[in-house]
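Here is a quick walk through one protein chain, with the sequence and the 3D view side by side. Keep the view open while you read.

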Amino acid sequence: MTAPSPALPELTPAQRTEVELVARGKQEKSRTLRELGQLETPEAAHALLLRLGLWTEARTPYADRLGAALTPVTLPVPEFPEEDRLDLTHLDAYAIDDEGNRDPDDAVGIEKLEGGLTRLWVHVADVAALAPAGSPLDEEARARGATLYLPDQTIGMLPDALVERAGLGLADTSPALSISLDLDEDGNAEAVDVALTRVRVTRLTYTEAQARLEAGGEPFVTLARLARASRALRESEGALSIDLPEVRVKADAEGASVTPLPKPEMRFVVQECMTLAGWAAAIYADDHELPLPFATQDAPTRDVRGDTLNAHWARRKTLARTRFQPAPGPHHGMGLDLYAQATSPMRRYLDLVVHQQLRAHLTGADPLSGKEVAARVAQAQMNADATRQAERLSRRHHTLRFVAAQPEREWDAVVVDRRGPQATLLIPDLAMDLPVSTPAPAGTALKVRLTEVNLPALTVRARVV
């Protein structure tokens, strides 16, 4: 005869509030948890709230625990200032993003020049015109560090009204801060420049852009050719190729979904154009002795060759974390002598600082000093780190919800690393890694079943089929 399960306690409103504060990381001690024989930890409080039905599996406490802002920015947004801009509305430009993207902040285009050169234009929303250094919008963005992308909601670093006003392709024409590189047939840059512009942008998904590339349409064929040449040059300088699975995690009260991201060539093309824009912005700033939050990275700790999944996994682990500093330095992972992130000022605060500095130079205003840039780097990185960690934990939470809804499914997995008897599995369809006991060497393909999902602990057990 099975012993009856212990009755679940009923919490008073005050007790529930106390337990919820612990689960949200806002309080360390809980008399209620102690009296119920539970650990006084956020995970134990979360588990109790789930058992009592006071929280649903859709509830994620990670952003709260980490102090990431969960309320939208509602500060007023000014109008664009009246100023001279280079008119580029006669040139085609394309903002190419994933389907459903709501903050188009960059676009690409080309211009044919004499002598066989091609000018690559990377247009970026002129966010710094609306959020200059020291403004309330700037200070709010700095306090957040980055836009928070959760599977069930997006909390912008800046107001939605600013995105609607500055987003490229959301109006017939858009103000932009445009970065240009004059490239030869082999992808070498003959000149770089930065200008305040007005552009006309067409929005496309990666799928739509890929279809135009495969149909032989311009400027997509030229963009792809330049991107391949640029990538080859960077690889000759030591740039690392890392290609690991990526997924899109979406969630609501009813459930969660995990969808592998397709990787058409146009995704790589856009990424390479953005890399070139960051390199050009860094060169321009260095030429004009302009402090930026330059992105630097130490050389890899070892050389990993091969194109297998476990080789890409091992190669990523050789990379040090990117550092930001007010003076230029090499970025070894990208194979560049200097670099600055410059194409997402709506979503990343340090990109906004890059734009504020470039804009100050272009308009004759006083830029921030190197010391002021360094202070902004320190504050923004601390806040952005909390945002990125909240995103990572929330994605894992909802991925585990997706897994728990399919207890009989068998998943393809690859052993990507091992330490003694313990191996690390990577499940490509989930872009999730987890430990497992198996003698299989790295590179082995396996089928596994995922069981014993524990949402509060964010754990799951993998059993080799």
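What follows is a short tour of some helices, charges and backbone details in a predicted model.

## Helix H9

Let's start with helix H9, which runs over residues 265-287. How far apart are the end C-alpha atoms of H9? They are 33 Å apart, and that agrees with the 33 Å you'd expect for 23 residues at 1.5 Å a residue. Most of this helix is covered, with 18 of its 23 residues buried.

Asp-287 belongs to H9 too, but this residue counts as exposed because its relative accessibility is 57%, and the cut-off for exposed is over 50%. Arg-267 sits in the helix as well, and here the picture is the opposite: at 10% relative accessibility, Arg-267 counts as buried.

## Just past the helix

Step off the end of H9 and you meet Glu-289, in the loop that leads from H9 to strand E12 (294-296). The phi of Glu-289 is near 50°, which is a positive value in a residue other than glycine. Glu-289 is also exposed, at 73% relative accessibility.

Both Asp-287 and Glu-289 take part in a negative surface patch. Which other residues help to form that patch? They are Glu-237, Asp-286 and Asp-337.

## A salt bridge across the chain

The structure holds 35 salt bridges, and a few of them are worth a look. As a reminder, side chains of opposite charge can pair when their charged atoms come close.

Take Asp-98 and Arg-267, whose closest N and O atoms are 2.5 Å apart. This pair links distant parts of the chain, with the partners 169 residues apart: Arg-267 is in helix H9, while Asp-98 is in the loop between strand E2 (93-97) and strand E3 (106-112). Is Asp-98 buried, exposed or partly exposed? With 28% relative accessibility, Asp-98 counts as partly exposed.

Asp-98 has another long-range neighbour to check. Its C-alpha atom is separated by 8.3 Å from that of Thr-207, although the two residues are 109 apart along the chain. Thr-207 lies in helix H7, which covers residues 206-214, and counts as exposed at 60% relative accessibility.

## From H7 to H8

Between H7 and H8 there is a loop that contains Pro-219. What is the form of the peptide bond from Glu-218 to Pro-219? The bond is cis, with omega near 5°.

Helix H8 itself takes in residues 220-236, and within it Glu-235 and Arg-231 are four residues apart, about one turn of the helix. Their side chains meet in a salt bridge at 3.0 Å, N to O. An α-helix has 3.6 residues a turn, so residues three or four places apart point the same way. The two partners differ in cover: Arg-231 counts as buried at 17% relative accessibility, whereas Glu-235 is partly exposed with a relative accessible area of 39%.

## From H8 back to H9

Another salt bridge brings together the side chains of Lys-263 and Glu-246, at 3.8 Å, N to O. Glu-246 is in the loop between H8 and strand E10 (247-252) and Lys-263 is in the loop between strand E11 (255-260) and H9, so this pair ties together parts that are 17 residues apart in sequence. Lys-263 counts as partly exposed, at 39% relative accessibility, and Glu-246 is partly exposed too, with a relative accessible area of 38%.

Some salt bridges share partners: Glu-83, Arg-85, Asp-126 and Arg-359 are joined into one network that way.

## Later in the sequence

Ala-431 is found in the loop between strand E15 (422-427) and strand E16 (432-437). What is the phi of Ala-431? It is near 50°, positive in a residue other than glycine. Ala-431 counts as partly exposed at 32% relative accessibility.

Finally, look at Asn-454 in strand E17, which spans residues 445-454. Its relative accessibility is 33%, so Asn-454 counts as partly exposed. Asn-454 and Ala-47 are 407 residues apart in sequence, yet their C-alpha atoms are 8.7 Å apart in space.

Terms used. Residues numbered from 1 in each chain as written. Predicted model: local features only at pLDDT ≥ 70, side-chain atom pairs only at ≥ 80, totals over all residues. Heavy atoms only, no water. Patch = residues over 30% accessible without salt bridge, like charges linked within 9 Å, V, L, I, M, F, W, Y side chains within 5 Å. Areas by Shrake-Rupley, 256 points an atom, 1.4 Å probe, with all protein chains shown as cover. Salt bridge = Lys/Arg side-chain N within 4 Å of Asp/Glu carboxyl O. Lys, Arg positive; Asp, Glu negative; His and termini not counted. Charge placed at Lys NZ, Arg CZ, Asp CG, Glu CD. Helix = DSSP H or I, 4+ residues; strand = E, 2+ residues; numbered from the N terminus. Buried < 20%, exposed > 50% of the residue type's maximum accessible area, 1.4 Å probe, protein only. Expected span 1.5 Å × (residues − 1).
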